[in-house]
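Hi,

Here is the structure I promised to pass on. Have a look at it first, and then read on for what I found in it.

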Amino acid sequence: MPNDIQIGPLTFHMYGLMIGIGFVAAYLICCCRAKEKKLNEDIIWGILLCAVLGAVTGTRLLYYIVSFRDILRDPSILWDFSHGYVVYGGILFGVLYSYIYCRVKKAPFLAYFDLVMPSVSVAQGFGRIGCFFAGCCYGKPTDSWLHITYTHSDFAPNNIPLLPTQLLSSAGNFLIAAVLFAYDKKNKKQGTVGALYMILYSIGRFVIEMFRDDPRGAWGIFSTSQLISVFLFAAGAVCMRLFMRRPS
């Protein structure tokens, strides 16, 4: 599965292209839904920039945290940007920066939180397709008919049938987005759409980690992302309970 696709004189790097498509799709969906909810599109643009900043800093910072033992052995990892990004860091820091931004702008954070998170799931769906092309986040070796065999990947083992965990993750993210969009149409409690995202994504991420085989850090029997998923699920459940008690 090539990451670079040549069309005439143009070369498309599919990993970056899919991430770009995801960001654009998320922004356009947010703008369309903002008109229905009478929310400010300028605030959405600011939140998008916060998401980009969170992706740039959060993914890398969390990677440094979970890989500190490797960094002690080989400090060159600090400035090797060819790999080493943890998606959870981007999500957490993106939400944090967006919260600070909304406070500065005196905008209702929970309203925008509910608006943005389904679109975040859409963006993640496209991003995982990018992972599929690049060969990162690969699955375990398998004899199943459902597999992908890389031949020129810089990340995944080549010439070995692997579970396509990237595509499974992508499908799961798109499914979560569909559920959140449907729930939002009936929901009258601010914050619950975002809380439901936290619950659903943490469950999906915990499960898919069982089938991945790429190096991603471990804490006891759990991978780093599984451990974060446990805390994210708990936080989402608490937020859902609190927000459901609030008046509409």
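Start with helix 1 (residues 14-37) and helix 5 (residues 109-134), whose axes come within 8 Å of each other and cross at roughly 165 degrees. An angle over 145 degrees counts as roughly antiparallel, so that is the label this helix 1 and helix 5 pair gets. Their crossing is right-handed. As for what lines the contact of helix 1 with helix 5, its residues split into 21 nonpolar, 4 polar and 3 charged. Do keep in mind that this is a predicted model.

Now helix 1 by itself. With 24 residues at 1.5 Å a residue, helix 1 should span 34 Å, and its end C-alpha atoms are indeed 34 Å apart. Its buried residues are Met14, Met18, Gly22, Ala25, Ala26, Cys30, Cys31, Arg33 and Ala34, so you'll find an arginine on that list, as well as two cysteines, Cys30 and Cys31. Right after helix 1 ends, Lys38 has a positive phi of about 60 degrees.

On the helix 5 side, the residue I'd point you to is Gln124. Is Gln124 buried or exposed? The cut-off for buried is under 20% relative accessible area, and Gln124 has 12%, so it counts as buried. What does its side chain pair with? The partner is the side chain of Tyr197, through a polar contact of 2.7 Å.

Helix 4 (residues 87-105) is worth a look too. Helix 4 has 19 residues and reaches 27 Å from its first C-alpha to its last, close to the 27 Å expected at 1.5 Å a residue. Buried in helix 4 are Tyr88, Gly89, Gly90, Ile91, Gly94, Ser98, Tyr101 and Cys102, with Gly89, Gly90 and Gly94 being the glycines in that set. Just after helix 4 comes another lysine with a positive phi: Lys106, at about 55 degrees.

One last spot, away from the helices: Asp154 sits in the loop between strand 3 (148-149) and strand 4 (161-162). Exposed means over 50% relative accessible area, and Asp154 comes out at 73%, so it counts as exposed. The C-alpha atom of Asp154 is 7.8 Å from that of Ala134, a residue 20 positions away along the chain. Ala134 will be familiar from the range given above, since helix 5 covers residues 109-134.

Over to you!

Terms used:
Residues are numbered from 1 along each chain as its sequence is written. This is a predicted model: local features need pLDDT of at least 70, side-chain atom pairs count only at pLDDT 80 or more; totals for chains, interfaces and linings use all residues. Side-chain values use heavy atoms; hydrogens and water are left out. Helices (H or I, at least four residues) and strands (E, at least two) are DSSP runs, numbered from the N terminus. The expected span of a helix is 1.5 Å times one less than its number of residues. Buried means under 20% relative accessible area, exposed over 50%, partly exposed in between (1.4 Å probe, protein chains only). Axes are lines fitted to C-alpha atoms, for helices over the stretch in contact, and angles run from 0 to 180 degrees between N-to-C directions. Angles under 35 degrees count as roughly parallel, over 145 as roughly antiparallel, 65 to 115 as roughly perpendicular and the rest as oblique. A crossing is left-handed if the near helix is turned anticlockwise from the far one by less than a right angle, and right-handed if clockwise. Ala, Val, Leu, Ile, Met, Phe, Trp, Tyr, Cys and Pro count as nonpolar, Asp, Glu, Lys and Arg as charged, and the others, Gly among them, as polar. A polar contact is a pair of N or O atoms within 3.5 Å; within protein, one must be able to donate a hydrogen and the other to accept it, and residues adjacent in sequence count only if both atoms are side-chain atoms.
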